[in-house]
Amino acid sequence: MTFNAAHLLGIEHLHPTEITTLLDLADHYAEQNRKGIQSKDVLAGMTQVNMFFENSTRTQSSFELAGKRLGADVMNMSMATSSVKKGETLIDTALTLNAMHPDILVVRHGSAGAVSLLSQKVNCAVLNAGDGRHEHPTQALLDALTIRRAKGRLHRLSIAICGDIAHSRVARSNIMLLGKMENRVRLIAPPTLMPSEVSELGVEVYDDMREGLKDVDVVMMLRLQKERMDGGFIPSEREYFHRYGLDAEKLSYAKDDAIVMHPGPMNRGVEIDGSIADDINRSVIQTQVEMGVAVRMAAMDLLARNLRERRAAGQVVTV
């Protein structure tokens, strides 16, 4: 298998063969999980620390479950009450953590680049669980695995990403991953929610849902990131749903077998109609949650293998 990364900080630096390797292993773990088979020996004797400077019950619980299924000792650090809140710098926190000799560090932070900075200060494998508006690599990977399992392939598909593109790290990671795998990506959003650098992303841009959804294979809806908005980006939630919320009428413009995705948590009646979200024939939203555990298991497995090899070769100096 080909996966040479020491950390998983984003999609940008992953080669398509590394993405395929990770998805293939995640596919294996997804089947194991469905059969109730656990692989406690994979991370046996290793310590996983989850540091979430931003709250995310879904992502944190997914990483925690993934680590435990692989046999890691998992510790969740409550950063809301940590010394960082009392004035300690991120580098001080990294040095303190490093002295505890963790093996895997899972980090979510509100500032872009914070996770990369931490990775430079610790002697363990670091996974980015979301940093500011930058990236959310495991979300893009679990989305990719969900698409591949539903469609039988992950190339030459037409995929629409709809909603709050400007504030979404999920959109950024997905645009990069889907582009690397030779898919046609469309972004659909009001101009106020479209990133300023959209012309550099190699995507098609639409501000009309019906036009943008025409004949697509995959419809990926995004949550309105209200916590990252500092102005009037939409007139009202009612108007937003009328123009950009996914309902049966708008979905009818996509292919008959198009699947519907959402990274969650969903705002029903704002980004997506509840009946569409719950449609077992079209919606793969619950499958995304299931694949999230499998993808995070695969990512930690591969990073742990590389960490052991580097340690054995004396490339990681323990302080």
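In this report, helices (H or I, at least four residues) and strands (E, at least two) are DSSP runs, numbered from the N terminus. Counted that way, the protein chain has 11 helices and 9 strands. Keep in mind that this is a predicted model, where local features need pLDDT of at least 70, side-chain atom pairs count only at pLDDT 80 or more, and totals for chains, interfaces and linings use all residues. Residues are numbered from 1 along each chain as its sequence is written, and side-chain values use heavy atoms, with hydrogens and water left out.

**The whole chain**

Let's start with the overall shape. The radius of gyration is taken over C-alpha atoms, and the globule rule is 2.2 Å times the number of residues to the power 0.38. For 319 residues, a compact globule would come out near 20 Å, and the protein chain has 20 Å, so the two agree. Along the principal axes, the C-alpha atoms fill a box of roughly 60 × 45 × 35 Å.

How much of the chain is buried? The share is 55% of the 319 residues, where buried means under 20% relative accessible area, exposed over 50%, and partly exposed in between (1.4 Å probe, protein chains only). Contact means heavy atoms within 4.5 Å. Among the contacts with a separation of 6 or more, 75% come from residues 24 or more positions apart.

**Around strand S8**

Now zoom in on strand S8, residues 218-221. Both of its faces are covered: Val218 and Met220 on one side, and Val219 and Met221 on the other, are all buried. Which strands pair with S8? Two strands pair if DSSP finds at least two bridges between them. Strand S5 (residues 158-162) runs parallel to S8 and is joined to it by 4 bridges. Strand S9 (residues 259-261) also pairs with S8 in the parallel sense, over 3 bridges. As for individual partners, Cys162 stands opposite Met221 in S8, while Val218 has Ile259 in S9 as its bridge partner.

**Unusual backbone angles**

Most residues other than glycine have a negative phi, and most peptide bonds are trans. Here are two residues with a positive phi.

| Residue | Phi | Loop | Relative accessibility |
|---|---|---|---|
| Arg156 | near 55 degrees | between helix H5 (137-151) and S5 | 64%, exposed |
| Asp215 | about 65 degrees | between helix H7 (209-213) and S8 | 42%, partly exposed |

There is a peptide bond to look at too. The one from Gly264 to Pro265 is cis, with omega near -10 degrees. Pro265 lies in the loop between S9 and helix H10 (274-277).

**A closer look at Ser173**

Finally, find Ser173 in helix H6, residues 169-180. Is Ser173 buried or exposed? Its relative accessibility is 0%, so Ser173 counts as buried. What does Ser173 touch, leaving aside its neighbours within four places in sequence? Ser173 is in contact with Ile11, Glu135, His136, Pro137 and Ala140. Met51 is 122 residues from Ser173 along the chain, and their C-alpha atoms are separated by 21 Å.
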